[in-house]
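Colleague: I am new to this one, so could you walk me through a few of its residues?

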Amino acid sequence: TYTHMAVAPPAVAAAAAAAALAALCLLLLRRRKRGFLGVELDDATSIELSTVAAADVPLQLTPGFYFDLDAADARACKHAAYLRDCPSIVAALDGLHAHCADLLEEARSDSKLRSTVDGVGVMQSR
């Protein structure tokens, strides 16, 4: 028996929301004369967010600002730990592909294990 596995819709929705929020934050920062961390921003200034210490990342650029991670933990959401470990939404977006690939591989491995234990073919490999 073959069971089709797809990326969970909440993961896709969370990724789309994070991308939209990141774009909005970047647009808002560009419109302001004074950027975060008290740095004057002009056309020649850029800030590499990955180099900013986690404690110095503005609240509005953290995953916890947009997602209720405690509620997600209570629902046993696999993505809550990933988002909690990301110091910024930019870091969350940068690592999103690897995170999703890991989850899909884990699901595939679990399915193969179940098929071996149950004696039922859950997934077919190519």
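Modeller: Happy to; some short questions and answers follow. This is a predicted model, where local features need pLDDT of at least 70, side-chain atom pairs count only at pLDDT 80 or more, and totals for chains, interfaces and linings use all residues. Residues are numbered from 1 along each chain as its sequence is written, and side-chain values use heavy atoms, leaving out hydrogens and water.

Colleague: Is His 99 buried or exposed?

Modeller: His 99 has its place in helix H5, residues 89-118; helices are DSSP runs of H or I with at least four residues, numbered from the N terminus. Buried means under 20% relative accessible area, exposed over 50%, and partly exposed in between, using a 1.4 Å probe and protein chains only. The relative accessible area of His 99 is 12%, so His 99 is buried.

Colleague: Which residues is His 99 in contact with, leaving aside neighbours within four places in sequence?

Modeller: Contact means heavy atoms within 4.5 Å. With those neighbours left aside, the partners of His 99 are Lys 78, His 79 and Tyr 82.

Colleague: How many disulfides are there?

Modeller: A disulfide is a covalent bond between the sulfur atoms of two cysteines. The rule here asks for a pair of cysteine sulfur atoms within 2.5 Å. By this rule, the count is 0.

Colleague: Where is Ala 76 found?

Modeller: Ala 76 is not a glycine, yet its phi is positive, near 60 degrees. At 62% relative accessibility, Ala 76 counts as exposed. Its place is the loop between helix H3 (69-74) and helix H4 (78-85).

How values were computed. Helix = DSSP H or I, 4+ residues; strand = E, 2+ residues; numbered from the N terminus.
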